[in-house]
Amino acid sequence: MNGLVDATRAAVLTQPFGRLRAISGLTAKSSGPVLAMGALCEVLHEDGRVHALAEVVAVHGRELTLMPFGEAHGLQVGALVRPASLSHVVHAGPGLLGRVIDGLGKPLDGIPIPQGRDSLALRARAPDAMARPRIDRTLATGVRCIDAMLPLGHGQRVGIFAGSGVGKSTLLGMMARHAQADYNVIALIGERGREVREFIEDQLGAKGLARSVVVVATSDQPAPMRVRAAYLAVSIAEGLRALGADVLLTMDSITRLAMARREIGLSAGEPPTSRGYTPSVFTELPALCERLGTQGGGGSITGLLTVLVEGDDFNEPISDCLRATLDGHIVLARELAHQGHYPAVDVLKSSSRLLGDLLQEDERRVVHRVRAGMALLARNRSMMEIGAYEKGSHAALDRAIAAEPALLSFLQQDREPADRSAALAQVAALASQFDGESDA
C-alpha cells in the first residue's frame, strides 16, 4: 500500500501544453507552454504521436520561438506542443568508448548506448580560473614539426586554421591516433555525410576508435542539432576529465558551430553584426572554450579546434575571435598543400603560447634559431626565384639555402608517428646547419 501511495504522489497528473500559431522558414511560434530558453519540446500529430522535437530559441512572454531538430515540413498551425521528456543531461563515462552518436546521444552505429551512473549538464560552468593548475606537461602528438617547434601541453586549447581541402581532417586523424592522451572525444560538426565514415575508418582507424567517442552532426542537420552535438562532445570530455583522465577533444569544425549559432540567432531576432554573425556567437565561443583545459584534482582536456577560414581570409571574424581566445594556432597553408607538402603546417605563421613553458632553455634557443633561418629564406624567396640573388653575397642566407633540403625533409611526414625526442634532436642539427657550426 505504501508503494502505491508513493507512486501516486510521484505521478504526473497534469501536463502543460501549448499550440503552434505560426510557422515561417526554419522556425515556428507557439503560445505556451511556459518553458525556459534552450528547453526542448515536442510537437504532436493529431493522434498524439510526436511529429518533431524542437528547441526553444527565444521567449517573449508566453510566446515561444521554436527551431525543430528536423524539417519543419508538415507542421500545422494549431498542433499541440508539450515539454519533451529528453532533458539537457547526458550520461558519460568509459562505456561510451568506441561509439558513434548524434547530438541527442542516440547511437549511429546500431548498438544501444549504455547508461552511465554519472550524469552531466549539457551546459556547465567552466572551472574557476584560480583553481586551474598551470599547464606544464607536454603532449606528444606524433607530428614531428608540431612536437618540436609548436609544442602542445595537456590542457592547452589550439586552433587549426585552414581553408577547405588542405588536410585538416587528415592531420586531426593522425593526432587522434597517436597523441599521448587517455581518451579522445571527436566532434564532427557540419561534416559531409560521406566523409564521416571515411574519417572514422581511414583517418582514425579501429585502434583510434577503441579509445574514442565520436559525436556527429552532419551538414544537412538543422542548426540546433549541430550546436547540441558540440556541447555534448564537451560534456562527455568533462565527464572523462572528472575521472582524472587526460582527454584530447577534437572539433571539426568550430566555425560550423559558429555558423549554426548565427543561424539560430538570426531566426530568434538577434541583430547581425560583422558578416552576419550575431552578438551571442562572440559570447558563446569563448565560454565553450573556457570549459576545456586543466582542473583541480587532476585530469585535463586538450582542445584541437579546426577553424574553417572562409575564402582563405585569416582575418575574418571567427578567426579573429578564436585567435584571441585560444592558447595557440596552427596554420595550414594552401600553397604548401598544392606542393604536396604534408602536413601543410606553415610554421612561421603558427604559434604555441606555451612554447616557453614546455621547452627547456636550450631547446627554445635551437627552435628560435631554426625559425630565424626559415624567416630569412621566406624574406628572400622572391629574389631567389627570379635569379637576382648571387651566391656568396650573404653568408647566413647561403647557409640557409644549403640547409633547406634537410629542413623540408624534417617538416614533411607521412602518417606514421614520429618520436618527440628524435624530432628535437633533428631541430638541433638543423640549427647547427643554419649557424654554420656543422662546418667547424
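Lys29 stands opposite Thr65 in strand 5, so let's start with that strand, residues 63-68. Strands here are DSSP runs of E with at least two residues, helices are runs of H or I with at least four, and both are numbered from the N terminus. This is a predicted model, where local features need pLDDT of at least 70, side-chain atom pairs count only at pLDDT 80 or more, and totals for chains, interfaces and linings use all residues. Residues are numbered from 1 along each chain as its sequence is written, and side-chain values use heavy atoms, with hydrogens and water left out.

**Strand 5 and its partners**

- Strand 2 (residues 27-31) runs antiparallel to strand 5, and four bridges join them; two strands pair if DSSP finds at least two bridges between them.
- On strand 4 (residues 50-60), six bridges lead to strand 5, again antiparallel.
- Thr65 in strand 5 has Ala58 opposite it.
- Strands 4 and 5 form a hairpin with two residues between the strands, and Gly61 there takes a positive phi near 65°.
- Six of the six residues of strand 5 are buried, meaning under 20% relative accessible area (exposed is over 50%, partly exposed in between; 1.4 Å probe, protein chains only).
- In a regular strand, side chains alternate between the two faces of the sheet.
- Here, Glu63, Thr65 and Met67 point one way, while Leu64, Leu66 and Pro68 point the other way.

**Helix 3**

- Helix 3 (residues 168-178) is largely enclosed by the rest of the structure, because eight of its 11 residues are buried.
- Among those buried residues are Lys168, Leu171, Gly173 and Met175.

**Helices 13 and 14**

- The axes of helix 13 (residues 395-411) and helix 14 (residues 420-435) come within 8 Å and cross at roughly 165°; axes are lines fitted to C-alpha atoms, for helices over the stretch in contact, and angles run from 0 to 180 degrees between N-to-C directions.
- That makes the two helices roughly antiparallel, the label for angles over 145 degrees (under 35 is roughly parallel, 65 to 115 roughly perpendicular, the rest oblique).
- Residues of helix 13 that meet helix 14 include Arg399, Leu407 and Phe410, and those on the helix 14 side include Val427, Leu430 and Phe434; contact means heavy atoms within 4.5 Å.

**The whole protein**

- You'll find 14 helices and 19 strands in the protein.
- Of its 440 residues, 52% count as buried.
- The C-alpha atoms fill a box of roughly 95 × 50 × 40 Å, taken along the principal axes.
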